[in-house]
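Me: I am new to this structure and would like a close look at a single part of it. Please begin with how much of the chain is hidden away, then choose one piece and stay with it, adding its surroundings as you go.

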Amino acid sequence: MASRSLAAATAAHGGARCGRHHVGWRALPNFAAPDWRREGAGGGRLRCVGVCLKPVEDDNLSPSAAPVPAPPSRLSADQAVEESRKWGRDSGLLPKPLSLSDLSVTEKGSKVRVAYQGLPGAFSEAAALKAYPQCEAVPCEQFEVAFKAVELWLVDKAVLPIENSMDGSIHRNYDLLLCHNLHIVGEVQLSVNHCLLALPGVKKDELTRVLSHPQALGQCGIALSKLGVIRESVDDTAGAAQLVALKGLRDAGAIASARAADIYGLNILEENMQAIDVPKNVLRCLVLAREPILPRTDRPFKTSIVFTLEEGPGVLFKALGVFALRKITLTKIESRPQRNNPLRVVDDVNHGTAKYFDYLFYIDFEASMAEPRAQSALSNLQEFATFLRVLGSYPMDTTL
């Protein structure tokens, strides 16, 4: 059993075939392409109009294969130039072979377009700039728009939040990871500093209400209670700062980043508003791309997987044991109900019919897929998992 192929888990980290299920993508006939537009002049946010493709399950899904031409015979330099002219090409414009630097996982992001959810000044934008300091950060209305922007080649990567040290996991993005055919190629840990912002000249005791994202308002709950202000929810923290600035709200403040204060011309009345609740607030984001990176062993790597199990006593214990036996550290385990089949019926003559949830299990562990122990662990897990997909194997972010 252990010799079964691990192609499902390691090939492309994309889950083309995992366990006994096959998850793929099918192009729908006569399907109108999504209409992507930008709001406003300049660098507005991406907005998707219409319906986009969604994943389907198909055991017989396979790409149509075109016949592969026989390799050409060796050409001289003059013949190669003549051949390129025959096809209407300048040989100097042909792609260069990849070098080792092209495969580096520590690229600094020059000329890379990176999508994030929110407006300029959002904490997700700060995470994108930390991952790729020279990138062009592209704001998106929603998390799903950022996923689709990568898939449609409008951007190169997306940086999206997955968990927060104060509030836990961002479940929507866990669901989207399974719905879209993208790969995790990195992670970013960002220290969050919630600032109380207001228009120039406005004092803290003049505020009657404070605007921000619901999560930020909750994280600063104690500080806001002491101020005695009304809390108003908006879509994102940077959007709150923009609203206060554009509408000239002198009775309202905003909880947002220090960068948002600079962008929208607001003053910082107080920093670290969340410190009364919890001294340290860390946001963890994932970097997503169309293609996986090459796993390596010369630096700390993390691998993220998702799987399902049959019902039975001790099955989850057995699944976690494949990592413990190989001394692999688990850094996270998250369960989410299956959307397509949320309820399972069990017949029991003593207790009648019971209904409960079927779950997907998301796990992060500290090992690279280039390591034999990680390959052995997933090969073992594949023997009894009903579905298994490697979401990505990527370098760990050890800095704040």
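Reply: Of the 400 residues in the protein chain, 43% count as buried; that word means under 20% relative accessible area, while exposed means over 50% and partly exposed lies in between (1.4 Å probe, protein chains only). Please keep in mind that this is a predicted model, where local features need pLDDT of at least 70 and side-chain atom pairs count only at pLDDT 80 or more, while totals for chains, interfaces and linings use all residues. Residues are numbered from 1 along each chain as its sequence is written, and side-chain values use heavy atoms, with hydrogens and water left out.

The chain has 11 helices and 21 strands. Here helices (H or I, at least four residues) and strands (E, at least two) are DSSP runs, numbered from the N terminus. Contact means heavy atoms within 4.5 Å. Among contacts with a separation of 6 or more, 76% join residues 24 or more positions apart.

Let's settle on strand 15, residues 282-289. How many of the residues of strand 15 are buried? Eight of its eight are, and the strand is mostly covered. Val282, Arg284, Leu286 and Leu288 point one way from strand 15. Leu283, Cys285, Val287 and Ala289 point the other way, and they are buried too.

Strand 15 has partners to look at next. Two strands pair if DSSP finds at least two bridges between them. Strand 7 (residues 157-164) pairs with strand 15 in the antiparallel sense over seven bridges, and Val159 stands opposite Val287. Strand 9 (residues 183-191) is also antiparallel to strand 15, joined to it by eight bridges. There, Ser191 stands opposite Val282.

Now look for Leu288, which belongs to the largest nonpolar core. A nonpolar core is a set of buried Ala, Val, Leu, Ile, Met, Phe, Trp, Tyr and Cys residues joined through side-chain atoms within 4.5 Å. This core has 45 residues, and Leu177 and Leu288 touch the most other members. Beyond residues up to four places away in sequence, Leu177 touches Phe147, Ile162, Ile184, Leu286, Leu288, Arg389 and Leu391. A second, separate core has 33 residues, including Val210, Leu211, Ala256 and Ala260. As a general background, nonpolar side chains in soluble globular proteins tend to be buried together.

One contact of Leu177, Phe147, takes us to helix 4. Seven of the nine residues of helix 4 (residues 143-151) are buried, so this helix is largely enclosed by the rest of the structure. Phe143, Val145, Ala146, Phe147, Lys148, Ala149 and Val150 are the buried ones. Just after helix 4, Trp153 takes a positive phi of about 65°. Most residues other than glycine have a negative phi.

What lies on either side of strand 15 along the chain? Before it comes a loop that follows strand 14 (267-270), and Asn272 is found in that loop. Asn272 is another non-glycine residue with a positive phi, near 50°, and it is partly exposed at a relative accessible area of 37%.

After strand 15, the loop that leads to strand 16 (301-309) holds Pro295. Pro295 is partly exposed, with a relative accessible area of 26%. Leaving aside neighbours within four places in sequence, Pro295 is in contact with Phe301, Ser368, Met369, Ala370 and Ser393. Pro295 and Pro395 are 100 residues apart along the chain, yet their C-alpha atoms are separated by 8.3 Å.

Stepping back along the chain to strand 14, we reach a sheet. Five strands form this open sheet, in the order 12-11-13-10-14, with mixed pairing. Strand 12 (230-233) and strand 14 stand at the edges with a single partner each, so one side of each is left without a neighbour in the sheet. Inside the sheet, strand 11 (residues 209-212) and strand 13 (residues 252-256) pair in the parallel sense over three bridges, and Arg209 has Ala252 as its bridge partner in strand 13.
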